[in-house]
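Work through the exercises below with the model open. Each task is followed by a stepwise solution.

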Amino acid sequence: MIWGQVPQSLKHRLHDHALFTNDAIAQLIDHYPRQHYSLVQWGQHGQSGSFREGDLGGLTGYQVLQAIQNGKIWINLRNVPLVNKAYEALMQDILAELTQHLPSLNPYNPKMGILVSSPGSRTLYHCDLPGQSLWQIRGVKRLYLYPATAPFMTQEHIERVALSGVEVNMPYQPWYDDYAQIYDLEPGSMMHWPLNAPHRVDNGDCLNISMTLEWFTPEIRRHHIITVANAILRLKFGLQPDRKSHTSEL
């Protein structure tokens, strides 16, 4: 099975779904619990102090969408299925279709998020710990996908992410782009990539709406447990875990 081993570029129809119209997204934002969203204003990317987080402050969903369209803002609606049962049903339908085609996938603890971001917004160089897919709903993005090997990502890098929970805490050099696989995403595009592969994303000059779907499998969970254990041995006890032991359980 090549799923999870090489980047997969697939098509979907979510951009035509009733749950992803501007009206539906605005209504979702209207009632979104504070603990489940991040609202961020960005300045000069990559510079200290260039991000400032806030809250909706009584704005309606339509006002938020208009502010994102006209400003340097993004909102990440995390854990959407916990907030709205219609999106939970949609997520389960998607997972059922995936497992129909990939019977050995066996995903569990899935999470769905919706990201609405302004023209020109960027997602900085980072990696994700669970299995991950990106579904483009509105606007266009350019995805830069890097090898999950040194120097782009080392065992120490992923261990620090696993221990700290800070996914963007990874070094990046512009010359990395010479080795990136580049994908232009438009409405109806979905990308899935190998576990922990570093990546970054640049928006086009337009409002963007994307959906993320992540999950664990027994194999991914074992990998994560080994990574956390190695991180503790290295960072807390000053030991040097055997690199072979990091992957021997996969």
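**Exercise 1.** Find the residue in E4 that stands opposite valine 40, then place the E2-E4 pair in its sheet.

*Solution.* Step 1: tryptophan 74 in E4 stands opposite valine 40. Step 2: E2 and E4 pair in the antiparallel sense, over five bridges. Step 3: read the strand order of the open eight-stranded sheet, E1-E10-E7-E12-E5-E4-E2-E3, with antiparallel pairing. Step 4: check the edges. Strand E1 (8-11) and strand E3 (51-54) each pair on one side only. Step 5: the twist from one strand to the next averages 20 degrees. The model is predicted.

**Exercise 2.** Determine which strands H4 and helix H6 lie across, and at what angles they run.

*Solution.* Step 1: H4 lies across E5, E7 and E12. Its direction is at about 115 degrees to E5. Step 2: helix H6 (residues 218-235) also lies across E5, E7 and E12. H6 runs at about 85 degrees to E12.

**Exercise 3.** Describe the largest nonpolar core and the surroundings of valine 116.

*Solution.* Step 1: the core holds 41 residues. Phe20, Ile25, Leu77, Tyr87, Ile114, Val116 and Leu213 touch the most other members. Step 2: elements giving two or more residues include helix H1 (22-30), helix H2 (61-70) and strand E5 (108-117). H4 supplies the largest share, six residues. Step 3: leave out residues up to four places away in sequence, then list the contacts of valine 116. Among them are Ile25, Leu65, Ile68, Trp74, Leu207 and Asn208. Step 4: look for a separate core. A second one has 13 residues, including Met153, Ile158, Tyr176 and Ala180.

**Exercise 4.** Lay out the four-stranded sheet and find the bridge partner of leucine 145.

*Solution.* Step 1: this open sheet has the order E6-E11-E8-E9, with antiparallel pairing. Step 2: strand E6 (122-126) and strand E9 (181-185) are the edges. Step 3: strand E8 (residues 141-145) pairs with E9 over five bridges. Step 4: leucine 145 has glutamine 181 in E9 as its bridge partner. Step 5: the twist averages 15 degrees from one strand to the next.

**Exercise 5.** Is glutamine 155 buried or exposed, and which side chain does its own side chain contact?

*Solution.* Step 1: locate glutamine 155 in helix H5 (residues 155-164). Step 2: glutamine 155 counts as buried because its relative accessibility is 8%, and the cut-off is under 20%. Step 3: its side chain makes a polar contact with the side chain of glutamate 159, at 2.8 Å.

**Exercise 6.** State the mean pLDDT and inspect residues 245-250.

*Solution.* Step 1: the mean is 91, and 92% of residues reach 70 or more. Step 2: over residues 245-250 the pLDDT is below 50. This stretch has 11 contacts in the model beyond near neighbours in sequence.

Conventions:
Residues numbered from 1 in each chain as written. Predicted model: local features only at pLDDT ≥ 70, side-chain atom pairs only at ≥ 80, totals over all residues. Heavy atoms only, no water. Core = buried A, V, L, I, M, F, W, Y, C linked by side-chain atoms within 4.5 Å. Buried < 20%, exposed > 50% of the residue type's maximum accessible area, 1.4 Å probe, protein only. Contact = heavy atoms within 4.5 Å. Pairing = 2+ DSSP bridges. Axes fitted to C-alpha atoms, helices over the stretch in contact; angles between N-to-C directions. pLDDT = per-residue confidence, 0-100. Polar contact = N/O pair within 3.5 Å; in protein donor to acceptor, adjacent residues only side chain to side chain.
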